[in-house]
Amino acid sequence: MTKADIGIYGLGTMGSALALNLAEKAFDVAVSNREAEWLAPFVEEAGGLAPRIHAHADLAEFISALKPPRLVLFMIPSGAPLDQMIASVAPLLDAGDTLIDAGNADFNDTRRRFKDLSQKGLHFVGMGVSGGEEGARHGPSLMIGGSAPSWKRLSPMVEAIAASYEGQPCAAHLGPDGAGHFVKTVHNGIEYADMQIIAEVYGLLRDGADWDAARIGRVFDRWNAGPLQSYLVEITAQVLAATDPETEVPAVDVIKDKAGQKGTGRWTVIEALKLGQSASGVEAAVGARGWSSDIALRDTASRVLEAGTSAQELPTLDDLERAFEAARILSHAQGFAVLQAASEAFEWDLDLARVAEIWRAGCIIRSALLDDLAEAIRTDPPHGALVLAPAISQRLNAAIPSLRRVVAAAVTDGLPAPAMSAVLSWYDSLRQARGTANVIQAQRDFFGRHGFERLDQPGAHHGPWADPEDPVS
Ligand code: 6PG
């Protein structure tokens, strides 16, 4: 019997879609699943692709059905269930085989698994897969972290199934161990920020200008033909145009304003902070999703707490468009700064331009902007800061006045715009050659004798409020 090129364990939505995508590209795929009763219907529904799909309920048979050195891809929850599966599968493998985690994983777990398995002579790949079910089935963006030999074995498959942008596959080996999952985490963080900015723009038009969903949807539709072109803007236009068949009111108007989240946005913020970076746009988005859950509190607060202001005129649509553009550039720049910091901290040598390139198609944050960012990164901007690449700083300089007007209007009208204001403050902090951390240092020295550096002398010093004889702690 033909041995399969790859094994996929986990036939949920994403695992099934990846298996069919691989079979369509003429790879033989062995499949297995915890619920064995899913296997037969899956093969049956694969239609013309069924001959390339080989189902095995038994784990040992599934593993022995694979061509050596084996590739075993897991599409299951990346926490404890994956650790349990690795423990069951590892004894069935031979040195040189590769395990792949294609779920959204905490990259710290990926690094741990990579290290543990390499001690057993096994390769472990953390593969970020973006694009939802449609992407997985017909062309996702794939962010891969792992050893060079595992990439060599895997690359023909991932390059064949990935989305492509102007003929280039949106799949890349980004570095060892957790590099792929880290990049996917930051992708999701940017996704959170972008979705939040869109929701803020919607909120300003709904609550500040009293526009209905369909009218706002038409604005997003128009914007999707310009510099804001992106998958998220495109689907927002479609979402806002849809009608609820039961009530015949706009579909968004019957949806509770309570957002879910699975953790990747939060991971981005946590890792950014650990690296001394600020992903404030992502933090605003994660926070907004968090507090959206407390509907009862907000309902009461809406009657008790006043805006303390009278409504001002909203900025023009042109301002809103440019404000969105500036906020999007800034939240992407924050994401790339986090990636740069991680690359240095973990010695990954990430090719950030390549990251931007593989995000141009297939993934959820695909947009016209990413092509411009890839080009800007290749110009090697001063201090590695994307906002200082000439093409980007010029765009920001042109769009920032609009972002200011929109944030100012939101603040004066008492309408929330947490992501847009957070990235604007980040931008203003960056522009400040002399910041205000001198006061923070003075306070730290005052209460804790932590010492500070002076502008005019080398070494560590204390202020006149401390005992000058004491050594700097
Ligand atoms: C993607 C998505 C995908 C998924 C996220 C959404 O790139 O295809 O990011 O990974 O939609 O899990 O995350 P939340 O459920 O946290 O919004």
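**Ligand site, domains and local backbone features**

Thirteen residues, counted as 13 in the model, surround the ligand, and those that come nearest are Ser-130, Glu-191, Tyr-192, Lys-262 and Arg-289. The model is a predicted one. Domain 1 (6-177) and domain 2 (185-431) both contribute residues to the shell around the ligand, so the ligand lies between them. The points below cover the ligand site, the domains, one helix pair and two backbone features.

**Ligand site**

- The side chain of Glu-191 places a polar atom 2.7 Å from an oxygen atom of the ligand.
- Lys-262 has a backbone N or O atom that lies 2.7 Å from an oxygen atom of the ligand.
- For Gly-132, a polar backbone atom is 3.2 Å from an oxygen atom of the ligand.
- The ligand taken alone exposes 410 Å², and the protein buries 79% of that area.
- Helix H8 (residues 179-209) supplies five residues, the largest share of the shell around the ligand.
- Sorted by class, the shell around the ligand holds seven polar, four charged and two nonpolar residues.

**Domains**

- The domain assignment divides the protein into domain 1 (6-177), domain 2 (185-431) and domain 3 (436-473).
- Taken over C-alpha atoms, the centres of domain 1 and domain 2 are separated by 32 Å.
- In the contact between these two domains, domain 1 provides 26 residues and domain 2 provides 21 residues.

**Packing of H8 with H18**

- Helix H8, which gives the largest share of the ligand shell, also packs with helix H18 (residues 418-430).
- The angle between H8 and H18 is about 120°, and their axes are 8 Å apart.
- On the H8 side, the residues that meet H18 are Gln-196, Ile-197, Glu-200, Val-201 and Leu-204.
- On the H18 side, Pro-418, Ala-419 and Met-420 meet H8.
- The residues of this contact comprise six nonpolar, one polar and one charged.

**Backbone features**

- Most peptide bonds are trans, and most residues other than glycine have a negative phi.
- Pro-68 and Pro-69 are joined by a cis peptide bond, with omega about -10°.
- Pro-69 sits in the loop between helix H3 (59-64) and strand S4 (71-74).
- Glu-166 is not a glycine, yet its phi is positive, about 45°.
- The loop that holds Glu-166 runs between strand S8 (164-165) and strand S9 (168-169).

Terms used. Residues are numbered from 1 along each chain as its sequence is written. This is a predicted model: local features need pLDDT of at least 70, side-chain atom pairs count only at pLDDT 80 or more; totals for chains, interfaces and linings use all residues. Side-chain values use heavy atoms; hydrogens and water are left out. A residue is near a molecule or strand if one of its heavy atoms lies within 4 Å of it. A polar contact is a pair of N or O atoms within 3.5 Å; within protein, one must be able to donate a hydrogen and the other to accept it, and residues adjacent in sequence count only if both atoms are side-chain atoms. Accessible areas come from the Shrake-Rupley method with a 1.4 Å probe; for residues, only the protein chains shown count as cover. Helices (H or I, at least four residues) and strands (E, at least two) are DSSP runs, numbered from the N terminus. Ala, Val, Leu, Ile, Met, Phe, Trp, Tyr, Cys and Pro count as nonpolar, Asp, Glu, Lys and Arg as charged, and the others, Gly among them, as polar. Domain bounds come from an automatic or database domain assignment. Axes are lines fitted to C-alpha atoms, for helices over the stretch in contact, and angles run from 0 to 180 degrees between N-to-C directions. Contact means heavy atoms within 4.5 Å.
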